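Work through these exercises with the model open beside you. Try each task before you read its solution.

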Amino acid sequence: LVFLPRPKYMTQSSQKFVLCTSPTGWHKMAYTEWIPSSPKPDAPAVLCVHGLTRNGRDFDYLAKALCEKFQCTVLCPDIVGRGESDYLTNATEYGYPQYMADLTVLISRLGETVLKNGIWWVGTSMGGLLGMMMTSKGNAPIRKLVLNDIGPVVSYSAVDRLLKYATVHHTWDTLEAATADIKSWFEPFRCTDEQWKYIVDITTKKNADGKFVNKFDGPGLTKPLLDAKKPDSSGPPPPIELWQIWNPLKVPLLVIQGVDSDILTNEILEKMQATDVKFEVAKVEGVGHAPVLMDEQQIKPILELFAQ
């Protein structure tokens, strides 16, 4: 028998968990860890953080590419209430302070790697907001930052579109029915057939009764958003403006925009460019919110930033 040599930078992924706490109690946060067979001792770790109702498996294609090119460890968490992570028993605890606390636990797990080499952060939508929040803090270990279709301004009209599907725990009798709904929810992704199949697979799970369900705590994780947008006598809520986490950013920064996005609009992007923050822009034609980072065109700018 003749055995082919093992590729020098073969990647391996596995699902792991860390224990975190909230005011109510303990919970598990799941994450996918990607490691090369021959890690570079000076390589930063990469943290990839997903959007509101998504999970860490969104980054499988990107994580593999990063791991192979830079021989680095890549961690892709399922933020609590999503994917394989626990759901919080008290829905009012869903929010950015809890998410940052949980991510700090995960970052701490990397130990000396973070202290010596730092972190590269890729964040889609909510994950990008978390990236800005964490990076803008003093002594942050984040050395490079990618914001995928998100900026420091978010309009509630765009949030309303997400809430149309995100507030309910969905159950389907067939995978075909699940696929139809998920393609409708995430139509702005503009995926290929292969990508849609993958997204449906990582967005759903099959219960013991044979029915399919979504892998996010819709009624729970959207409660803070619904509470915040309740109308009052002054009219609809104003846009959420977070310039206080944008203006301090000094790290090498890439902003990816889906050209048809209703979250990172051209108007918001122009306001960002009028500030003192220096950043590169990669525009993805024919895509809305948000680019799925599953093909070479969308991944290439990230690899180029991290190679600098």
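**Exercise 1. Pair a strand and judge its burial.**
Task: How many bridges join strand β5 to β6, and do the strands run parallel or antiparallel?

Solution.
Step 1. Strand β5 (residues 119-124) and β6 are joined by 6 bridges and run parallel. Two strands pair if DSSP finds at least two bridges between them. Strands and helices here are DSSP runs, numbered from the N terminus: helices are H or I with at least four residues, strands are E with at least two.
Step 2. Find one pair. Ile119 stands opposite Ile142 in β6.
Step 3. Judge the burial of strand β6 (residues 142-148). Of its 7 residues, 6 are buried, so the strand is largely enclosed by the rest of the structure. Buried means under 20% relative accessible area, exposed over 50%, and partly exposed in between, with a 1.4 Å probe and protein chains only.

Before you go on, note the ground rules. This is a predicted model: local features need pLDDT of at least 70, side-chain atom pairs count only at pLDDT 80 or more, and totals for chains, interfaces and linings use all residues. Residues are numbered from 1 along each chain as its sequence is written, and side-chain values use heavy atoms, with hydrogens and water left out.

**Exercise 2. Follow one residue of β5.**
Task: Is Thr124 buried or exposed, and which residues is Thr124 in contact with?

Solution.
Step 1. Locate Thr124: strand β5 holds it.
Step 2. Thr124 has a relative accessible area of 13%, so it is buried.
Step 3. List its contacts (heavy atoms within 4.5 Å). Leave aside neighbours within four places in sequence; Thr124 then meets Val49, His50, Gly51, Phe59, Asn148, Ala290 and Leu293.
Step 4. Look at one partner, Ala290. It sits in the loop between β13 and α12 (296-307). A cis peptide bond joins His289 to Ala290, with omega about 5 degrees.

**Exercise 3. Describe two helix pairs.**
Task: At what angle do the axes of α2 and α4 cross, and which residues make the contact?

Solution.
Step 1. Recall the idea. Two packed helices are described by the angle between their axes and the distance between the axes. Axes are lines fitted to C-alpha atoms, for helices over the stretch in contact, and angles run from 0 to 180 degrees between N-to-C directions.
Step 2. The axes of α2 and helix α4 (residues 126-135) come within 11 Å and cross at roughly 75 degrees.
Step 3. The two helices are therefore roughly perpendicular. The classes are: under 35 degrees roughly parallel, over 145 roughly antiparallel, 65 to 115 roughly perpendicular, the rest oblique.
Step 4. From α2 come Tyr96, Tyr99, Met100, Leu103, Thr104 and Ile107; from α4 come Met126, Leu129, Leu130, Met133 and Met134.
Step 5. Sort that contact by class: 10 nonpolar, 1 polar and no charged residues. Ala, Val, Leu, Ile, Met, Phe, Trp, Tyr, Cys and Pro count as nonpolar, Asp, Glu, Lys and Arg as charged, and the others, Gly among them, as polar.
Step 6. Repeat for α6 (residues 175-185) and α7 (residues 193-203). Their axes come within 10 Å and cross at roughly 105 degrees. These helices, too, are therefore roughly perpendicular.
Step 7. Leu175, Thr179, Ile182 and Lys183 of α6 meet Trp196, Ile199, Val200 and Thr203 of α7. This contact has 5 nonpolar, 2 polar and 1 charged residues.

**Exercise 4. Order a sheet.**
Task: In what order do the 3 strands of the open sheet lie?

Solution.
Step 1. The order is β8-β10-β9, with antiparallel pairing.
Step 2. β8 (171-172) and β9 (204-206) are the edge strands, each pairing on one side only.
Step 3. β8 pairs with β10 (residues 212-214) over 2 bridges. There, Thr171 has Val213 as its bridge partner.
Step 4. Add the helix. α7 lies across β9 and β10, at about 60 degrees to β9.

**Exercise 5. Find the faces of a helix.**
Task: Which residues of α11 are buried, and which are exposed?

Solution.
Step 1. In α11 (residues 266-273), the buried residues include Ile268, Leu269 and Met272.
Step 2. Seen down the axis, the buried residues of α11 fall within an arc of 100 degrees, so they line one face. The arc is that of the directions from the helix axis to the C-beta atoms.
Step 3. Glu267 and Glu270 are exposed on the other side of α11.
Step 4. The cover over the buried residues of α11 includes β7 (153-154), α10 (243-246), β12 (253-258) and β13 (280-284).
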